[in-house]
Amino acid sequence: MAEQQRDTEGAGGAERAGAGPRRRAVLPEEAAAWADLVTTARRTVADGLVVGTSGNVSVRVGDTVLVTPSGVPYDRLTPDDVTGVDLAGRQVLGDLVPTSELPMHLAVYRTTDARAIVHTHAVHATAVSTLVPELPLIHYMSAALGGPVRVAPYAAYGTAELAENMLHALTGRSACLLQNHGTMARGTSLDQAYERTAQLEWMCRLWLTASSVPGLTPSLLTREQVAEVGDRLKGYGQPKP
(Lines give C-alpha, C1' and ligand atoms only; values in the text may rest on other atoms or scores of the structure.)
Protein backbone atom coordinates (compact mmCIF):
# COMPACT_ATOMS: atom_id res chain seq x y z
CA MET A 1 0.00 0.00 0.00
CA ALA A 2 3.07 2.25 0.04
CA GLU A 3 2.36 3.23 -3.56
CA GLN A 4 -1.16 4.24 -2.67
CA GLN A 5 0.03 6.19 0.36
CA ARG A 6 2.65 8.05 -1.59
CA ASP A 7 0.18 8.80 -4.36
CA THR A 8 -2.26 10.24 -1.85
CA GLU A 9 0.42 12.36 -0.21
CA GLY A 10 1.93 13.36 -3.54
CA ALA A 11 -1.26 14.98 -4.79
CA GLY A 12 -1.55 17.17 -1.69
CA GLY A 13 -2.42 20.79 -2.26
CA ALA A 14 -1.36 20.56 -5.89
CA GLU A 15 -4.31 18.29 -6.58
CA ARG A 16 -6.79 21.09 -7.17
CA ALA A 17 -4.77 24.25 -6.66
CA GLY A 18 -2.42 23.30 -9.50
CA ALA A 19 1.36 22.99 -9.54
CA GLY A 20 1.72 25.31 -12.51
CA PRO A 21 -0.03 26.67 -15.60
CA ARG A 22 -1.92 24.35 -17.90
CA ARG A 23 0.56 23.44 -20.61
CA ARG A 24 -1.69 23.55 -23.69
CA ALA A 25 -5.27 23.10 -24.76
CA VAL A 26 -6.73 19.61 -24.83
CA LEU A 27 -7.42 18.33 -28.35
CA PRO A 28 -10.83 16.77 -29.12
CA GLU A 29 -9.34 13.30 -29.58
CA GLU A 30 -7.54 13.65 -26.24
CA ALA A 31 -10.77 14.65 -24.49
CA ALA A 32 -12.49 11.56 -25.90
CA ALA A 33 -9.58 9.32 -24.88
CA TRP A 34 -9.59 10.82 -21.39
CA ALA A 35 -13.28 9.97 -20.98
CA ASP A 36 -12.52 6.36 -21.96
CA LEU A 37 -9.53 6.27 -19.60
CA VAL A 38 -11.64 7.46 -16.65
CA THR A 39 -14.29 4.86 -17.45
CA THR A 40 -11.64 2.12 -17.50
CA ALA A 41 -10.05 3.33 -14.27
CA ARG A 42 -13.43 3.29 -12.52
CA ARG A 43 -14.03 -0.20 -13.87
CA THR A 44 -10.87 -1.50 -12.17
CA VAL A 45 -12.33 -0.39 -8.85
CA ALA A 46 -15.83 -1.69 -9.54
CA ASP A 47 -14.44 -5.09 -10.53
CA GLY A 48 -12.22 -5.34 -7.46
CA LEU A 49 -8.90 -5.14 -9.29
CA VAL A 50 -7.69 -2.19 -7.24
CA VAL A 51 -8.42 -0.63 -3.86
CA GLY A 52 -8.61 3.12 -3.43
CA THR A 53 -6.19 4.89 -5.78
CA SER A 54 -3.80 1.97 -6.20
CA GLY A 55 -3.08 0.94 -9.78
CA ASN A 56 -3.19 3.27 -12.78
CA VAL A 57 -4.34 3.52 -16.39
CA SER A 58 -2.91 5.26 -19.44
CA VAL A 59 -3.64 5.69 -23.13
CA ARG A 60 -1.47 7.03 -25.92
CA VAL A 61 -2.83 9.64 -28.35
CA GLY A 62 -0.18 10.45 -30.91
CA ASP A 63 2.95 11.26 -28.94
CA THR A 64 1.01 12.25 -25.83
CA VAL A 65 0.35 9.81 -23.00
CA LEU A 66 -2.77 10.47 -20.94
CA VAL A 67 -2.46 8.94 -17.48
CA THR A 68 -4.39 8.81 -14.23
CA PRO A 69 -3.12 11.43 -11.76
CA SER A 70 -1.51 10.64 -8.44
CA GLY A 71 -3.77 10.05 -5.46
CA VAL A 72 -7.07 11.24 -6.94
CA PRO A 73 -10.01 8.83 -6.49
CA TYR A 74 -11.27 7.82 -9.92
CA ASP A 75 -14.85 8.77 -9.13
CA ARG A 76 -13.68 12.35 -8.64
CA LEU A 77 -11.98 12.73 -12.01
CA THR A 78 -13.70 15.17 -14.38
CA PRO A 79 -13.19 16.24 -18.01
CA ASP A 80 -11.15 19.18 -16.67
CA ASP A 81 -8.63 16.86 -15.01
CA VAL A 82 -6.94 15.65 -18.21
CA THR A 83 -3.35 14.76 -17.29
CA GLY A 84 -0.84 14.13 -20.06
CA VAL A 85 2.89 13.87 -20.69
CA ASP A 86 5.09 13.48 -23.74
CA LEU A 87 7.20 10.36 -24.29
CA ALA A 88 10.08 11.97 -22.40
CA GLY A 89 7.86 12.38 -19.35
CA ARG A 90 7.42 16.17 -19.59
CA GLN A 91 3.91 17.21 -18.57
CA VAL A 92 2.07 18.84 -21.44
CA LEU A 93 -1.53 18.65 -20.23
CA GLY A 94 -3.16 19.51 -16.94
CA ASP A 95 -2.07 20.59 -13.47
CA LEU A 96 -2.46 17.34 -11.53
CA VAL A 97 0.66 15.31 -10.75
CA PRO A 98 0.84 12.15 -12.93
CA THR A 99 0.89 8.72 -11.31
CA SER A 100 4.07 7.67 -9.53
CA GLU A 101 4.21 4.65 -11.88
CA LEU A 102 4.77 6.86 -14.92
CA PRO A 103 8.24 5.30 -15.61
CA MET A 104 6.62 1.90 -16.22
CA HIS A 105 4.03 3.29 -18.61
CA LEU A 106 6.54 5.31 -20.60
CA ALA A 107 8.93 2.36 -20.84
CA VAL A 108 6.20 0.32 -22.55
CA TYR A 109 5.19 3.09 -24.95
CA ARG A 110 8.78 3.78 -25.94
CA THR A 111 9.55 0.15 -26.79
CA THR A 112 6.28 -1.37 -28.06
CA ASP A 113 3.31 -0.48 -30.24
CA ALA A 114 1.00 -0.35 -27.20
CA ARG A 115 -1.72 2.29 -27.22
CA ALA A 116 -3.10 1.59 -23.74
CA ILE A 117 -1.92 0.19 -20.41
CA VAL A 118 -3.73 -1.03 -17.31
CA HIS A 119 -1.82 -1.62 -14.05
CA THR A 120 -3.64 -3.14 -11.06
CA HIS A 121 -3.08 -4.68 -7.65
CA ALA A 122 -5.50 -7.55 -8.36
CA VAL A 123 -5.45 -9.86 -5.33
CA HIS A 124 -5.15 -13.28 -6.97
CA ALA A 125 -2.55 -12.14 -9.47
CA THR A 126 -0.54 -10.43 -6.75
CA ALA A 127 -0.73 -13.59 -4.63
CA VAL A 128 0.63 -15.66 -7.52
CA SER A 129 3.46 -13.17 -8.01
CA THR A 130 4.71 -14.04 -4.52
CA LEU A 131 4.74 -17.80 -5.16
CA VAL A 132 6.26 -18.56 -8.57
CA PRO A 133 8.53 -16.96 -11.21
CA GLU A 134 5.95 -17.70 -13.91
CA LEU A 135 2.23 -18.43 -13.87
CA PRO A 136 1.86 -22.19 -14.46
CA LEU A 137 0.09 -23.08 -17.71
CA ILE A 138 -3.24 -23.79 -16.08
CA HIS A 139 -5.35 -22.67 -19.05
CA TYR A 140 -4.96 -22.30 -22.78
CA MET A 141 -5.85 -18.58 -22.62
CA SER A 142 -2.23 -18.02 -21.65
CA ALA A 143 -1.81 -17.97 -25.42
CA ALA A 144 -3.91 -14.81 -25.62
CA LEU A 145 -1.24 -13.06 -23.55
CA GLY A 146 1.61 -14.26 -25.75
CA GLY A 147 2.52 -17.39 -23.80
CA PRO A 148 3.53 -18.22 -20.22
CA VAL A 149 3.08 -15.12 -18.07
CA ARG A 150 6.33 -14.14 -16.38
CA VAL A 151 6.83 -12.48 -13.00
CA ALA A 152 9.06 -9.39 -12.97
CA PRO A 153 11.45 -9.41 -9.97
CA TYR A 154 10.52 -7.03 -7.19
CA ALA A 155 11.73 -3.44 -7.19
CA ALA A 156 10.35 -0.38 -5.43
CA TYR A 157 7.36 1.20 -7.16
CA GLY A 158 7.98 4.20 -9.37
CA THR A 159 11.64 3.32 -10.00
CA ALA A 160 13.63 2.82 -13.19
CA GLU A 161 14.60 -0.62 -11.85
CA LEU A 162 10.98 -1.72 -11.71
CA ALA A 163 10.37 -0.39 -15.23
CA GLU A 164 13.37 -2.36 -16.51
CA ASN A 165 12.32 -5.57 -14.73
CA MET A 166 8.82 -5.17 -16.09
CA LEU A 167 10.05 -4.72 -19.67
CA HIS A 168 12.06 -7.95 -19.50
CA ALA A 169 9.02 -9.86 -18.21
CA LEU A 170 6.83 -8.27 -20.88
CA THR A 171 9.10 -9.20 -23.80
CA GLY A 172 7.01 -11.15 -26.31
CA ARG A 173 4.00 -10.87 -23.99
CA SER A 174 1.01 -8.57 -23.63
CA ALA A 175 0.86 -8.91 -19.83
CA CYS A 176 3.08 -9.78 -16.88
CA LEU A 177 3.02 -10.01 -13.11
CA LEU A 178 5.02 -7.73 -10.83
CA GLN A 179 6.40 -9.59 -7.82
CA ASN A 180 4.71 -8.61 -4.54
CA HIS A 181 2.99 -5.81 -6.45
CA GLY A 182 0.38 -6.57 -9.12
CA THR A 183 -0.25 -6.77 -12.86
CA MET A 184 0.73 -4.90 -16.02
CA ALA A 185 -1.11 -5.34 -19.32
CA ARG A 186 -0.83 -3.52 -22.62
CA GLY A 187 -3.06 -3.42 -25.66
CA THR A 188 -4.03 -1.61 -28.82
CA SER A 189 -6.98 -0.11 -26.94
CA LEU A 190 -8.14 0.44 -23.38
CA ASP A 191 -10.72 -2.32 -23.79
CA GLN A 192 -8.07 -4.80 -24.88
CA ALA A 193 -5.65 -3.86 -22.10
CA TYR A 194 -8.44 -4.20 -19.57
CA GLU A 195 -9.64 -7.55 -20.91
CA ARG A 196 -6.09 -8.90 -20.75
CA THR A 197 -5.85 -7.72 -17.15
CA ALA A 198 -9.12 -9.43 -16.26
CA GLN A 199 -8.06 -12.62 -18.07
CA LEU A 200 -4.77 -12.71 -16.17
CA GLU A 201 -6.51 -12.25 -12.83
CA TRP A 202 -8.97 -15.05 -13.70
CA MET A 203 -6.18 -17.48 -14.61
CA CYS A 204 -4.33 -16.68 -11.39
CA ARG A 205 -7.49 -17.30 -9.40
CA LEU A 206 -8.01 -20.57 -11.28
CA TRP A 207 -4.49 -21.81 -10.51
CA LEU A 208 -4.71 -20.84 -6.85
CA THR A 209 -8.09 -22.58 -6.54
CA ALA A 210 -6.92 -25.80 -8.21
CA SER A 211 -3.67 -25.82 -6.23
CA SER A 212 -5.52 -25.52 -2.94
CA VAL A 213 -7.21 -28.95 -3.17
CA PRO A 214 -5.46 -31.22 -0.63
CA GLY A 215 -3.71 -34.25 -2.07
CA LEU A 216 -4.19 -33.26 -5.69
CA THR A 217 -2.01 -31.40 -8.19
CA PRO A 218 -3.61 -29.56 -11.11
CA SER A 219 -2.77 -30.78 -14.59
CA LEU A 220 -0.90 -28.23 -16.68
CA LEU A 221 -0.61 -27.66 -20.40
CA THR A 222 2.67 -27.89 -22.27
CA ARG A 223 4.21 -24.92 -24.02
CA GLU A 224 3.53 -26.67 -27.31
CA GLN A 225 -0.17 -26.97 -26.50
CA VAL A 226 -0.36 -23.28 -25.62
CA ALA A 227 1.52 -22.35 -28.80
CA GLU A 228 -1.00 -24.34 -30.84
CA VAL A 229 -3.83 -22.36 -29.29
CA GLY A 230 -1.96 -19.17 -30.09
CA ASP A 231 -2.07 -20.08 -33.77
CA ARG A 232 -5.78 -20.91 -33.56
CA LEU A 233 -6.58 -17.61 -31.84
CA LYS A 234 -5.25 -15.68 -34.85
CA GLY A 235 -8.45 -16.60 -36.65
CA TYR A 236 -10.76 -16.21 -33.65
CA GLY A 237 -13.80 -13.95 -33.76
CA GLN A 238 -15.68 -12.35 -36.60
CA PRO A 239 -13.86 -11.71 -39.89
CA LYS A 240 -12.87 -8.13 -40.49
CA PRO A 241 -14.72 -6.39 -43.34
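**Burial and salt bridges in a predicted model**

At a relative accessibility of 2%, Glu30 counts as buried in this structure, which is a predicted model.

Q: Which side chain meets that of Glu30 in a salt bridge?
A: Glu30 is buried, at 2% relative accessibility, and its side chain takes part in a salt bridge with an N to O distance of 2.7 Å. The partner is partly exposed, with a relative accessible area of 29%, and this partner is Arg24.

Q: In the salt bridge between Asp63 and Arg60, which residue is buried?
A: The closest N and O atoms of this pair are 3.0 Å apart. Asp63 has a relative accessible area of 53%, so it is exposed, while the value of 16% for its partner falls under the 20% limit for a buried residue. The buried residue is therefore Arg60.

Q: Is Arg90, which forms a salt bridge with Asp86, buried or exposed?
A: In this pair the closest N and O atoms lie 3.0 Å apart, and Asp86 is buried, with a relative accessible area of 15%. Arg90 has a relative accessible area of 55%, which is over the 50% cut-off, and therefore Arg90 is exposed.

Q: Which residues are joined into one network by salt bridges that share partners?
A: The structure holds seven salt bridges. Those that share partners join into one network the residues Arg43, Asp47 and Glu195.

Q: Around the axis of helix α8, how many degrees does the arc of Val226, Val229 and Gly230 cover?
A: These three residues of α8, which spans residues 223-233, are buried. They lie on the same side of the helix because the arc that they cover is only 110 degrees.

Terms used. Residues numbered from 1 in each chain as written. Predicted model: local features only at pLDDT ≥ 70, side-chain atom pairs only at ≥ 80, totals over all residues. Heavy atoms only, no water. Buried < 20%, exposed > 50% of the residue type's maximum accessible area, 1.4 Å probe, protein only. Helix = DSSP H or I, 4+ residues; strand = E, 2+ residues; numbered from the N terminus. Arc of directions from axis to C-beta. Salt bridge = Lys/Arg side-chain N within 4 Å of Asp/Glu carboxyl O.
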